[in-house]
Protein chains: 4
Amino acid sequence: MSVNQLSFDELAERVRRAPYHKWLGVELTALDEDEIEITMPWRDEFLSSIDPPYGHGGVIAALLDLAADFAVAARAGRGAPTVDLRVDYLRAAGPGPLRARGRVLRLGRSLATAEADVFDQGDRKVATARAVFFMGKA
Amino acid sequence: MSVNQLSFDELAERVRRAPYHKWLGVELTALDEDEIEITMPWRDEFLSSIDPPYGHGGVIAALLDLAADFAVAARAGRGAPTVDLRVDYLRAAGPGPLRARGRVLRLGRSLATAEADVFDQGDRKVATARAVFFMGKA
Amino acid sequence: MSVNQLSFDELAERVRRAPYHKWLGVELTALDEDEIEITMPWRDEFLSSIDPPYGHGGVIAALLDLAADFAVAARAGRGAPTVDLRVDYLRAAGPGPLRARGRVLRLGRSLATAEADVFDQGDRKVATARAVFFMGKA
Amino acid sequence: MSVNQLSFDELAERVRRAPYHKWLGVELTALDEDEIEITMPWRDEFLSSIDPPYGHGGVIAALLDLAADFAVAARAGRGAPTVDLRVDYLRAAGPGPLRARGRVLRLGRSLATAEADVFDQGDRKVATARAVFFMGKA
């Protein structure tokens with residue numbers, strides 16, 4: 001029996017719901033026992049610089065945040081606003097789809113801590129983040 | 001004499017340059033001795049939820065990152081990649097333009113530390129961030 | 001009328017109470033409307049390196065954490081455990097007393113966000129931090 | 001052949017060297033290919049509160065920082081000052097020895113990113129941290 005409170009289809013629907021997520025094009029691509037995976041296709045509007053062409057750190061931060069957030073949602077059965085987010089950028093991301101994996105570090109009644117990694121097409125880790133989420137009434 | 005190495009027009013042009021910045025619509029609106037101000041108009045694609053309508057944390061993270069980054073660029077005369085970024089979300093941001101103010105905490109030869117705040121239309125601080133930037137050759 | 005819920009003497013007594021605080025030697029030296037100040041005398045056990053002699057980042061992190069925490073306690077009237085702490089080290093601290101100033105960024109029913117700066121004897125800022133505190137029942 | 005540039009005995013000697021580390025009592029207890037382990041015995045001066053008795057977050061932050069730092073030192077063959085440190089506290093640590101495991105996320109010529117976890121006697125993870133270190137000339 002899974003510790004997850006949402007099915008793949010339920011979580012996939014929630015991932016698509018936000019207008020900003022629709023614009024990013026993010027899709028749930030795996031819901032495992034311990035991790036979720038979200039894939040984001042490339043858009044030229046993601047560029048931070050053109051020569052050389054790099055993806056913008058703000059887009060990567062959004063992908064990390066939502067992957068950590070939906071890892072919490074999978075386990076808790078509900079969304080939770082981000083209290084704080086800390087991103088480490090490990091290497092520049094060139095144009096191309098990105099893949100994020102999110103996992104829960106601690107799920108409490110009031111707060112959750114989660115982390116996520118983002119990988120490029122060559123499976124190189126380009127960034128990693130940790131975040132705290134507010135789970136509701138204290 | 002200003003400690004800034006770039007004029008308002010030079011910095012404004014750089015703020016507009018990135019394709020992601022064009023999409024966000026960000027514009028330099030002030031370049032003071034100690035701070036820069038960047039204004040971002042509203043787009044419906046920024047929404048994280050529709051009912052109630054909230055701006056997405058990832059868009060706010062991008063605005064904080066670029067305000068801190070261009071505060072460094074104003075003083076150093078050149079851009080610098082983000083090493084890490086830490087965002088505290090203080091309140092939900094409803095639809096409407098956002099205004100960011102960035103300032104340098106430390107400008108070194110190899111590294112810079114800067115911070116930025118984001119305010120909503122009612123001048124309420126909705127989020128604040130600190131970031132480290134790499135000033136040398138990557 | 002002050003927004004603070006504790007008097008100087010009440011807060012000063014709480015600052016001294018923890019065994020680790022006794023060892024650090026920290027003392028409340030100011031309780032203003034917006035900020036508190038905590039002073040920490042020097043101990044040779046604080047050294048991270050001997051030649052050149054630098055204070056240890058872990059000691060500075062503790063001072064930042066407790067200055068932010070007691071800024072919250074002054075306003076809330078009660079202590080609150082640290083959820084997360086993020087420290088930026090701005091310059092090496094040589095031997096000598098350190099002074100921390102803490103202030104609240106947001107005081108909510110469930111969570112508080114606060115920040116603190118640490119200054120050396122020459123009033124140079126050596127480090128700065130932000131932290132989230134849990135205000136409810138754990 | 002190991003990717004580590006220091007032997008167990010060389011790293012163990014460096015871990016003991018700082019006066020603050022002597023006071024903490026930290027000892028290197030493992031140097032693996034990917035991780036180092038540092039063990040810290042209990043001292044009553046570590047207490048943050050007496051009833052119930054909890055270890056102080058500042059002591060845990062120091063242990064996390066040094067475990068991440070020496071994971072970098074093992075790989076790089078030299079020490080590196082901490083640029084920033086971000087700690088997530090996951091549960092209260094009661095009295096008793098703590099064990100930290102540190103690992104490198106990225107080792108660059110100018111900067112390194114590393115992380116560490118701290119475990120209590122019951123092998124519960126009590127805190128986790130990430131940090132950036134400055135590796136020298138940019």
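Here are three short exercises, with worked solutions, on how chains of this predicted model meet.

**Exercise 1. Describe the interface of chain D and chain C: how many residues touch, and how much area is buried?**

Solution.

Step 1. Start with the contacts, counting heavy atoms within 4.5 Å. On this rule, 25 residues of chain D touch 25 residues of chain C.

Step 2. Turn to the area. Together, chain D and chain C bury about 2,000 Å², and carbon and sulfur atoms account for 62% of it.

Step 3. Now look for specific pairs. The rule finds 0 salt bridges across the interface of chain D and chain C. It does find 11 residue pairs in polar contact there, both residues being at pLDDT 80 or more.

Step 4. Ask which elements of chain D do the touching. Those that give two or more residues to the side facing chain C are helix 2 (19-24), strand 3 (47-50), helix 3 (57-76) and strand 5 (82-89) of chain D. Strand 5 of chain D supplies the largest share, 8 residues.

Step 5. Sort that side of chain D by class: 14 residues are nonpolar, 5 are polar and 6 are charged.

**Exercise 2. Work out how strand 5 of chain C and strand 5 of chain D are joined: do they run parallel or antiparallel?**

Solution.

Step 1. Count the bridges. Strand 5 of chain C (residues 82-89) is joined to strand 5 of chain D by 5 bridges.

Step 2. Check the direction: the two strands run antiparallel.

Step 3. Pick out a pair to view in the structure. Opposite Val87(C) you will find Leu85(D), in strand 5 of chain D.

**Exercise 3. Find what turn and what shift lay chain D on chain C, then treat chain C and chain A in the same way.**

Solution.

Step 1. Recall the principle: two copies of a chain are related by a rotation about an axis and a shift along it.

Step 2. Apply it to chain D. A turn of 180 degrees with a shift of 0.0 Å along the axis lays chain D on chain C, with an RMSD of 0.1 Å. The two copies are thus related as by a two-fold rotation axis. In chain D, the C-alpha of Arg86(D) is nearest the axis, at 2.1 Å.

Step 3. Compare the surfaces. Of the interface residues of chain D, 100% are also interface residues in chain C, so these copies meet through the same surface.

Step 4. Move on to chain C and chain A. Chain C is laid on chain A by a turn of 180 degrees and a shift of 0.0 Å along the axis, with an RMSD of 0.1 Å. Here the C-alpha of chain C nearest the axis belongs to Ser110(C), 4.1 Å away.

Step 5. Compare surfaces again. For chain C, 90% of the interface residues are also interface residues in chain A, so the copies meet through the same surface.

Technical notes: Residues are numbered from 1 along each chain as its sequence is written. Chains are lettered from A and ligands numbered from 1 in the order in which they are written. This is a predicted model: local features need pLDDT of at least 70, side-chain atom pairs count only at pLDDT 80 or more; totals for chains, interfaces and linings use all residues. Side-chain values use heavy atoms; hydrogens and water are left out. Buried area is the accessible area (1.4 Å probe) that two parts lose on being put together, summed over both. A salt bridge is a side-chain nitrogen of Lys or Arg within 4 Å of a carboxyl oxygen of Asp or Glu. A polar contact is a pair of N or O atoms within 3.5 Å; within protein, one must be able to donate a hydrogen and the other to accept it, and residues adjacent in sequence count only if both atoms are side-chain atoms. Helices (H or I, at least four residues) and strands (E, at least two) are DSSP runs, numbered from the N terminus. Ala, Val, Leu, Ile, Met, Phe, Trp, Tyr, Cys and Pro count as nonpolar, Asp, Glu, Lys and Arg as charged, and the others, Gly among them, as polar. Two strands pair if DSSP finds at least two bridges between them. Copies are superposed by least squares on the C-alpha atoms of residues with pLDDT of at least 70 in both.
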